[in-house]
Every structure is written in structure tokens, then in C-alpha cells.
Amino acid sequence: MKKDLLGISDLTADDIYRVLETADAMREVGQRPIKKVPTLRGKTVVNLFYEPSTRTRTSFEIAEKRLSADTLNVAVAASSVLKGETLVDTAMNIEAMSPDMIVLRHSSSGACHMLSRICKSRIINAGDGMHEHPTQALLDAFTIREHKKDIAGLKIAIVGDLLHSRVLRSNALLLTKLGANLWVCGPPTLVPPGIECLGVHVTTSIDEAVQDADVIMMLRIQQERMQGAFFPSLREYFNVFGMTTDRVKLAKPDVIIMHPGPMNRGVEIASDVADGPYSVILEQVANGVAVRMAVLYLLAGGVEDEAAA
Amino acid sequence: MPVVLDADRMARSLARIAHEILERNRGIEELALVGIRTRGVPLARRIAKSLLDISHHEIPTGALDITLYRDDLSSHTLGPQPLVRKTEIPFSIDGKLILLVDDVLYTGRTIRAALDALIDFGRPKAIQLVVLVDRGHRELPIKADYVGKNIPTASTQNVQVHLMEIDGRDEVEVLP
């Protein structure tokens, strides 16, 4: 592993497998009567979230606590950010109190890379703008492996707002590295130009994308990032791109349906699919804690290129 | 003399330990074996097999990974983190007499970590320590209850235990 986890693009397939195998061991800690191990005792982890988050922030905090790290959450809404402090200044001030790791979520793509250059602390990307969300992709891969063993050769369809989705980018990088046959689908206005260069099949037909799929991953329509009319109405979007029980029937009989959350029920996914027998959406959330424990543990160790030097 | 314990003598040592365990502990129902990963696990299984042959009692057996409890993790500032593997203890250890099994007893730090880990799973009635080889050089006040073989070593030497289940042969070597 490198010093920081900025994105899946920095990881090799071996790194990914190492995280997933470590996560498998970490999950057992969460099933004990005492859900805590002393591994990161004395390490300080700062969760710096510039965007709203329930799942990711809670999941990181639980993971940190299960490893006995001292955690603190900077609530940006009640911080000096409101007084106009820049990200770099905030980070340097936090850094001055010598934490060991900073978990950052920010609305600007590349925010973590900038902190990585100026901070000695390990930086973990918890989502940067429309760029990457590596721990989400890792927990998705973990969940897929639980159901399908091997990711190589699976047909995986990712459907929804491709343009604004960091979950898509991280997942596309990860799943193609592990040899999946990846299809992405969305309205033409929400397909980023050049997406083919990630090695994915692109289609605007949801039926083509989900036909015989082993895994279907739905993406949220990110209205907070939309400035303009990308489609006529939410209702029309649901009719053309929403995941319904009829569309699930096109996929393989043992398909699993995933969603990174938060869901817009009745927009990208019908409620009966989200709560139905194929849905593994809550398993994804549960697995997130184990995967984040694995990432925290592995980053707390030495850096390979430093050791080699 | 690099080979200090061959397959035959290893088997006899483990059989003797199984007898000693039965001699020392009356209530066989409350015994449970926990092997420390990696090589303590097959050793624990072999002792369970011996105990089954002798007493016709199946002794519950688990596997413990102590990586998350190591005391040298934060000093590993160079080099990547050691691999964490699964702990699998499929029974309650409350009120049990736990036989903790490892291949080599050296500084005692692994056993310290294992004791901490076990206590997180419950409150055993007692914990006894079984090792195949005691090579001396303790750094903590820890002592084995059952020892396959005491092997005096220099701290520069390297004791390697090979087991059929993992390495394809049963043998203990002392390397310079």
C-alpha cells in the first residue's frame, strides 16, 4: 500500500485482494461480544467531512472505534470553514495537532490529492467530488465476492447518473482490474464523454445492460450536483431507467441488486426491488465497516516504497 | 544437528501431551482447544484427535489470529502490516478450560497477545499453555504447562517447525 488511499487508480489487483482478505478477518471482530481490538491504540484519526454523509461517516467512525483509534469528527457546518478558512489552512491546522490519519470527503475532485501533498498524516479519500470513492468500490467488491466468489468474468451492469458518480469511477477502475465484464448505462445526457476508455461497454438501453447480468448496481440521481435539465422529469426517468421487477427478470436468476445509497425510491429503483430478495443493499452497509477497518489497518503500517528505499 | 525433532518423535510428543492433559484435568467436558495461527492450529487439531482416540470425547477446537493484538504494530513503521487472518472460535469459551496451543514458545509475546485476545471472547475457567517446542529466552513471565520438547537455543538461531498440513512434512529444525 502507498501512504494514502486516494483512489482505486493507485491500487494494483494484489493491493485490492489484500484489502478484501483483511476485511474478511475484520468482519469477525464485529461479531464478537466485545467488538473492539487494540490494534490502533494511540492513533488519532480525524474525520473531515465537507459534504453531508450518514453511511460513510458513521461507517468510518465505527471502524476506527473497533480498532481502538481515537477519533474526532470535524463538523464543517460548525467550524471555521464558515468563517472563510480554506481547505489547506484547515488541514494544516489539524495537521499541527499531529493526527495519524485524515479521512476526507470534499465536493471538489482532487481535494484529497492536494492534502496528500501537504500533509504528513495518511489521507483516506471518503469521496472527492465527481472523482473517486475508493472505500465504496472496495466494499462493493467485497459484497460481490461474498455472493459470486470470483469477480473475473461476471457481467456487471451499472445504471444511473454516470456523469456525477464517483462511485461509478472507482467501481469501473476496480472491477475492470479484477476482470469483470462491465456495462454502464444511463441517459445520454448523463454519460460522461470518454467513459469507454475505462474499458467498459456503454449503452443507453437498460434492457441491454441488465440482460443476463450477474450483478446490477444502481446509481443515485444526484440532483444536488445537477445544474440544468438532464432529463424531462423524475417520473420519466424512472420509466426509462428505473429498476423494476420486470427488468430484474432479464438478468440471471441469481442476480444481486446493489445501491451505494442514499436511495431515491421510485426514481432509480422501485421500492419492491430495493427491499426484495435480490437486494444486498444493507449487506453493503454492513460490509463497509469491515472494509474500512481493513483500510485503516493496512494504512497504519509502513509504506512499501519507503521500506525499499 | 539441524533436525531436532523428526516425524516419529513429534507424534509421540503430541500423544504424550494428550495423556498429560487428561491426567491433569478431571472434567473432560469442559476442555476446549484453541490453536494460534498459523502452526498452532494443526497442532491443536492433532491433539483433539488424540484426545478423541483416548477418551472418545470430541473436544471443541478453534483457531486464533493474534495479529490485531501484537505489541509491535506501531513500531513496524517500515514495511507493510502483517497479514490478518480469521479468528474462528465456534463455541463459547465461558467457563471452559482452554488449552492454548502454539508451535514455538520464545519471548512469550505471542502468548501475551493471545491471552488478551481470548479474554475478549469471554471468561474461561482457566487457560493452560501447550507448545511443541520451548526454546527459552522469555521476555515476559510466561510458562508452558505442556511442552513437547525443550530445545536450548542461542537467540541468534532460528527454530523452524514444519507440519504436514502446511509444509508437507513433520520436522523441527534449528538453523544457525
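Select strand β5 (residues 155–159) and strand β6 (residues 181–185) of chain A in this predicted model. The two strands run parallel and are joined by five bridges. To see how they are aligned, pick A:Ile156, which stands opposite A:Leu182 in β6(A).

Next, keep chain A and add helix α6, residues 166–177. This helix packs on the sheet and touches β5, β6 and β8 (215–218) of chain A. Its direction makes about 160 degrees with that of β6(A).

Now show the whole sheet. Its five strands in chain A follow the order β7-β6-β5-β8-β9, with parallel pairing, and the sheet is open. At the edges are β7 (201–203) and β9 (256–258) of chain A, each of which pairs on one side only. On average, neighbouring strands of this sheet are turned by 20 degrees against each other, direction ignored.

**Core**

From the sheet, select A:Ile216. Which residues does A:Ile216 contact, leaving aside its neighbours within four places in sequence? They are A:Ala157, A:Val159, A:Val210, A:Met243, A:Ala251, A:Val255, A:Ile257 and A:Met258.

A:Ile216 also belongs to the largest nonpolar core, which has 139 residues. A:Val159, A:Ile216 and B:Ile47 are the members that touch the most other members. To follow this core further, select helix α11 (residues 281–299) of chain A, which gives the most to it, with nine residues. The core draws at least three residues from each of domain 1 (8–132 + 287–304) and domain 2 (134–285) of chain A.

**Domains of chain A**

Colour chain A by its division into domain 1 (8–132 + 287–304) and domain 2 (134–285). The centres of the two domains, taken over C-alpha atoms, are separated by 25 Å. Across the boundary, 21 residues of domain 1 of chain A are in contact with 21 residues of domain 2 of chain A.

Which elements give two or more residues to the side of domain 1 of chain A that touches domain 2 of chain A? Select α1 (13–29), β4 (122–128) and α11 of chain A. Colouring that side of domain 1 by residue class gives 10 nonpolar, seven polar and four charged residues.

For a stop at an exposed position, go to helix α8 (residues 234–241) of chain A, where A:Asn239 is found. Is A:Asn239 buried or exposed? A:Asn239 counts as exposed because it has 10 C-beta neighbours inside 10 Å. Then label A:Glu268, which lies 29 residues from A:Asn239 along the chain. The C-alpha atoms of A:Asn239 and A:Glu268 are separated by 9.2 Å.

**Strand β2 of chain B**

Move to chain B and select strand β2, residues 31–36. Six of the six residues of this strand are buried, so β2(B) is largely enclosed by the rest of the structure. Both of its faces are covered. On one side, B:Leu31, B:Leu33 and B:Gly35 are buried, and on the other, B:Ala32, B:Val34 and B:Ile36 are buried.

Add the partners of β2(B). Strand β4 (residues 97–105) of chain B runs parallel to β2(B) and is joined to it by five bridges. The pair to label here is B:Ala32 and B:Ile98, since they stand opposite each other with B:Ile98 in β4(B). Strand β3 (residues 61–64) of chain B also runs parallel to β2(B), joined by four bridges. In β3(B), B:Leu64 is the bridge partner of B:Ile36.

**Antiparallel sheet of chain B**

Last, display the three strands of chain B in the order β1-β8-β7, which form an open sheet with antiparallel pairing. Its edge strands, β1 (3–5) and β7 (158–162) of chain B, each pair on one side only. The twist averages 30 degrees from one strand to the next.

How many bridges join β1(B) to strand β8 (residues 171–175) of chain B? There are two, and these strands run antiparallel. Label B:Leu5, which stands opposite B:Val172 in β8(B). On the other pairing, five bridges join β7(B) to β8(B), again running antiparallel. B:Gln160 stands opposite B:Glu173 in β8(B), and that pair closes the tour.

Definitions and conventions
Residues are numbered from 1 along each chain as its sequence is written. Chains are lettered from A and ligands numbered from 1 in the order in which they are written. This is a predicted model: local features need pLDDT of at least 70, side-chain atom pairs count only at pLDDT 80 or more; totals for chains, interfaces and linings use all residues. A nonpolar core is a set of buried Ala, Val, Leu, Ile, Met, Phe, Trp, Tyr and Cys residues joined through C-beta atoms within 7 Å. A residue is buried if 20 or more other C-beta atoms lie within 10 Å of its own, exposed if 12 or fewer, and partly exposed in between; C-beta atoms are placed from the backbone. Domain bounds come from an automatic or database domain assignment. Two residues are in contact if their C-beta atoms, placed from the backbone, lie within 7 Å. Two strands pair if DSSP finds at least two bridges between them. Axes are lines fitted to C-alpha atoms, for helices over the stretch in contact, and angles run from 0 to 180 degrees between N-to-C directions. Ala, Val, Leu, Ile, Met, Phe, Trp, Tyr, Cys and Pro count as nonpolar, Asp, Glu, Lys and Arg as charged, and the others, Gly among them, as polar.
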